[in-house]
Amino acid sequence: MALLAPVSIVPSALVALVGIMAPAWACLLCFTTYSERLRICQIFVGMEEPALEKCENAFTAAFKGLSNTEINYDERGRLHDIFTQMAHSLQETAAAQKSYEEVFHAAAEAMKKDIAQLKEAPDCIPPCGLQEVSRRFRCRGCYSTLCDLPLDCPVQDMKVIRGDQAMFSCDVNFELPKQITYSWKFVGGGLRTQDQTYFRELAGARGNVARIRPAQPQHRGTFSCEILHEQRPLARLYFFLNVTGPPPRGETELQVSFREVLRWAPREMEMVEPWRPSLGELLATPGALTPSNQCLLAAAVAFLSASLVLLGWVFFRWYFSDS
């Protein structure tokens, strides 16, 4: 654990340093370089160190009023050009041997007016979404910020009668980039959630509108739509669909008709095997021993007896003749 101590000290030291330096981090330091500012003071006061330091402090102090300035992030390039033009103008003014305090103050006032002409960033629109159009650049620290809003939007509850159409519109109330894509997901079982680990992709869904028709009980659950720009998610919308009620009458009648069709549909023919009764089954059948059948049966028994006698006599002759 001792090895982690230096790591935890560094962020604290950086925070303290930023807190001390924050008043000096005005737009002047964001859009001009140290060499540019030094060059301007050198033209004003020469190369002597005490005079240069005094000029630099006056330069920074004149623009301290812009330290809390926030601008539209897309206007950074334009503001950088304005500061570049100001630096060239100050160099020309310094060559005329004018007082730098007055010149720096006038330049700062002119810069305030130019910043006021820049296009403002639109306000953040709750409740959710990564709203790039509302990104702002802060001169205090020279960094950009986005709306402090979650990526996941609140779940919208929807109710539809079984058999009707359910439609989801993946729209947000803030401006989106031109090239965006949509990804639809679903979790069934009546689960109402925003946990992405439960969702599965809906491959057939495209665009910002999805439809379920006809809605069935198995569609009860949460649908999710993710808006992406260059594979970066901008917002996730959720729709909990509750399918209620019995099926519509039209659907019931259709199901009845479908069952009737199945009932009268041709079925596969069954194989019928012929009846092969045994002698006992044949004699037990009512009406089997008719007078004609009795004569036939007696003839068959007599023939069988004569055959057995003849077979015995032949065997007897063969056996004794060999002896």
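The legends below describe several close-up views of a predicted model.

Residues are numbered from 1 along each chain as its sequence is written, and side-chain values use heavy atoms, with hydrogens and water left out. Because the model is predicted, local features need pLDDT of at least 70 and side-chain atom pairs count only at pLDDT 80 or more, whereas totals for chains, interfaces and linings use all residues.

**View 1. Helix α3 and what covers its buried residues.**
Helix α3 takes in residues 34-45; helices (H or I, at least four residues) and strands (E, at least two) are DSSP runs, numbered from the N terminus. The end C-alpha atoms of α3 are 16 Å apart, which agrees with the 16 Å that its 12 residues should span at 1.5 Å a residue, the expected span being 1.5 Å times one less than the number of residues. Arg37, Leu38, Ile40, Cys41, Gln42 and Phe44 are buried in this helix, where buried means under 20% relative accessible area, exposed over 50%, and partly exposed in between (1.4 Å probe, protein chains only). The cover over these buried residues includes α2 (27-31), α4 (49-62), α5 (76-95) and α6 (100-116). After α3 comes Gly46, with a positive phi near 95 degrees.

**View 2. The surroundings of Leu28 in helix α2.**
Leu28 has a relative accessible area of 1% and is therefore buried. Leaving aside neighbours within four places in sequence, Leu28 is in contact (heavy atoms within 4.5 Å) with Arg37, Phe59, Thr60, Phe63, Phe83 and Met86. The C-alpha atoms of Leu28 and Thr60 are separated by 7.4 Å, although these residues are 32 residues apart along the chain.

**View 3. An open sheet of five strands.**
The strands follow the order β4-β10-β9-β6-β7, with mixed pairing, and two strands pair if DSSP finds at least two bridges between them. At the edges are β4 (152-161) and β7 (200-201), each of which pairs on one side only. Strands β9 (residues 221-229) and β10 (residues 232-244) run antiparallel and are joined by nine bridges, and Leu228 stands opposite Pro233 in β10.

**View 4. Glu230 and Gln231 in the loop between β9 and β10.**
Neither residue is a glycine, yet Glu230 has a positive phi of about 55 degrees and Gln231 has a positive phi of about 65 degrees. Glu230 is exposed, with a relative accessible area of 68%, and Gln231 is also exposed, with a value of 67%.

**View 5. Strand β8 and its partner β5.**
Strand β5 (residues 166-169) pairs with β8 in the antiparallel sense over four bridges, and Ser169 has Val209 of β8 as its bridge partner. Side chains alternate along β8 (residues 209-212), so that Ala210 and Ile212 point to one face and are buried, while Val209 and Arg211 point to the other and are not.

**View 6. Two cis peptide bonds that lead into prolines.**
The bond from Pro126 to Pro127 is cis, with omega near 15 degrees, and Pro127 is placed in the loop between α6 and β2 (136-138). The bond from Arg213 to Pro214 is likewise cis, with omega near -10 degrees, and Pro214 lies in the loop between β8 and β9.
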